[in-house]
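Work through the exercises below with the model open beside you. Try each task before reading its solution.

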Amino acid sequence: MVNDGRAIVDEVSGWLRVYSDGSVDRTWTGPPEVKFLSEPVPPHSDFIDSVATHDVTINKESGLRVRIYSPEEIKKLNGDDCKNKKKLPIILHFHGGGFCVSQADWYMYYHVYTKLAKSVPAICVSVYLRRAPEHRLPAAFDDGFEALLWLRSLSLAQAQARENNWLTEHVDFQRVFLIGDSSGGNVVHEVAARAGDADLSPLRVAGAIPIHPGFLRQERSKSELENPQSPLLTLDMVDKFLSFALPLNSDKGHPYTCPMGPAASPIDGLKLPPFLLCVAGNDLIKDTEMEYYEAMKKAGKDVELLVNPGMGHSFYLDKIAVDMDPNTAAQTCSLFQGIAEFMRKH
C-alpha cells in the first residue's frame, strides 16, 4: 500500500508498478548505481561527442514524437560542394523494454545510438513508442509504422520539391534501415511486414536489423531454462511484461511474439527487405530467435546472422559492462561493425 491509498496490484521488480486505480509508476527502484541508464538525456543542438539530438512531434493529434540523432558528418554536407556529397542513410530505431518500459531518450539508448550514428555515419530517428499496460499491442507497432509513413511523407515532399529542410537535404530516402532492440526487434519485423504491403515510394526500406528480438513460444525453450538470467532480462520480466503487453486472453504464441509460429502469417508470403538478425550467445531467448532465423531461411528470405558469443541479452546497452569489461567492449564493437557493414552493402 502507498501513502495515497493506492495498492500495488502487480509489478516487475525495479522497473514498473501497476496500482489499483490503473496508474503505472516506472520510477526505477532497483540498484541505484544503474539508475543513470534509465534517466532521460535532454536534446542538445550542439554537437556533443560529435552528435546533436533534437525531438520532433510527428503527429500533433496523438503526440507521437521521435528523437533525431545527427552526426557531425552532416556539417560537411552543408559546404559549397554539397551537391557532390554522399547523402546519409536513415536508421529508424524502435526501443526495447518489453513493450512496457524505457523510451527513446533514455541514456542506455543515447550512449549506443549516438555512437552508431557517427560510426556508420547515419541519421538515427528513434521513436517514442507507446507503452503497455496503458497501451497494449499493436500500439507500439502502429507507432513504428506511423514513423515510417512520416519519413515517406518527407521523401515525397522532397521528390515533389514541396519542402526542403536540413533533413530532406541530407538523407537518402532510398536507404532507410529499421533497427530495434529486444521488443523493438518485434517492432522491426511487424513494420517490415507492413511496409511490404504498402506503397512507400519514393522511400525504400533497404534493410531490417532486429537485435535480440523478443521472439518466444508459449513453452519454455532450452535456453530459457539453462542460460543465465541478467538484470536486463529475467524469466519473470518476460512473463510479466508480455502479460501486460499482449492483447487480452493471448499467450506467447501470439503472432506479435511468435512470428514464426502457426498463428502468424506464413513468412514465405511476406515481402521483406534483407534482414540482419543479431543474437547473443547466452541470451535467455536465443533458441526461439534461432527458430525465427531458420524459418526465415526456409522461406527463402534474405537473412544474415550475427552472433556475439558468450554475451547476454542487450549486453551493449549496459554502459557499466561496456566500460569495465574488455570482452563486452570488444563484442559491442563487433556488433556495431557488423551493423555498419550490413548497411554499407545495402
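The exercises cover domains, sheets, backbone geometry and empty space.

This is a predicted model: local features need pLDDT of at least 70, side-chain atom pairs count only at pLDDT 80 or more, and totals for chains, interfaces and linings use all residues. Residues are numbered from 1 along each chain as its sequence is written, and side-chain values use heavy atoms, with hydrogens and water left out.

**Exercise 1. Domains**

Task: Find the domains and describe their contact.

Solution.
- Step 1. The protein splits into domain 1 (1-30) and domain 2 (41-345). These bounds come from an automatic or database domain assignment.
- Step 2. Taken over C-alpha atoms, the centres of domain 1 and domain 2 are 28 Å apart.
- Step 3. Domain 1 puts 8 residues into the contact, and domain 2 puts in 13. Contact means heavy atoms within 4.5 Å.

**Exercise 2. The sheet of 3 strands**

Task: Give the strand order, then locate the edges and the helix that packs on this sheet.

Solution.
- Step 1. The order is E1-E2-E3, in an open sheet with antiparallel pairing. Strands (E, at least two residues) and helices (H or I, at least four) are DSSP runs, numbered from the N terminus. Two strands pair if DSSP finds at least two bridges between them.
- Step 2. Strand E1 (8-12) and strand E3 (24-25) are the edges; each has a single partner strand, so one side of each lacks a neighbour in the sheet.
- Step 3. E1 and strand E2 (residues 16-19) run antiparallel, joined by 4 bridges. Val 12 stands opposite Leu 16 in E2.
- Step 4. H7 packs on the sheet and touches E1 and E2; its direction makes about 125° with that of E1. Axes are lines fitted to C-alpha atoms, for helices over the stretch in contact, and angles run from 0 to 180 degrees between N-to-C directions.

**Exercise 3. The sheet of 9 strands**

Task: Trace this sheet from edge to edge, then place H2 and H3 against it.

Solution.
- Step 1. The open sheet has the order E4-E5-E6-E8-E7-E9-E10-E11-E12, with mixed pairing.
- Step 2. E4 and strand E12 (303-308) are the edge strands, each pairing on one side only. The twist averages 20° from one strand to the next.
- Step 3. Strand E4 (residues 44-48) pairs with strand E5 (residues 51-59) in the antiparallel sense, over 2 bridges. Ile 48 stands opposite Val 51 in E5.
- Step 4. Strand E10 (residues 205-211) and strand E11 (residues 275-280) run parallel, joined by 2 bridges.
- Step 5. H2 lies across several strands, including E4, E5 and strand E6 (64-71), and runs at about 50° to E6. H3 runs at about 170° to E9 and lies across E5, E6, E7, E8, E9 and E10.

**Exercise 4. Backbone geometry**

Task: Where do Pro 121, Pro 138 and Asp 49 lie?

Solution.
- Step 1. Recall the background. Most residues other than glycine have a negative phi, and most peptide bonds are trans.
- Step 2. The peptide bond from Val 120 to Pro 121 is cis, with omega near -15°. Pro 121 sits in the loop between H2 and strand E8 (123-127).
- Step 3. Leu 137 and Pro 138 are also joined by a cis peptide bond, with omega about 20°. Pro 138 is in the loop between E8 and helix H3 (139-159).
- Step 4. Asp 49 is not a glycine, yet has a positive phi of about 55°. Asp 49 belongs to the loop between E4 and E5, which form a hairpin with 2 residues between them.

**Exercise 5. Pocket and cavities**

Task: Describe the largest pocket and the largest cavity.

Solution.
- Step 1. Set the terms. On a 1 Å grid over the protein atoms alone, a cavity is a set of points where a 1.4 Å probe fits but cannot get out; a pocket is an open set with protein on both sides within 12 Å along at least five of seven lines; lining residues have an atom within 4 Å of a point. Grid points are joined across faces, edges and corners, and a volume is the space filled by probe spheres set on the points.
- Step 2. The largest pocket has a volume of about 420 Å³. Its lining has 23 residues, with Ser 230, Pro 231, Leu 232, His 313 and Asp 318 nearest the centre. Domain 1 and domain 2 each supply at least three lining residues.
- Step 3. The structure holds 2 cavities of 30 Å³ or more. The largest cavity contains about 300 Å³ of space. Of its 26 lining residues, Gly 97, Gly 98, Ser 182, Leu 233 and His 313 are closest to the centre. H7 gives the most to this lining, with 4 residues.
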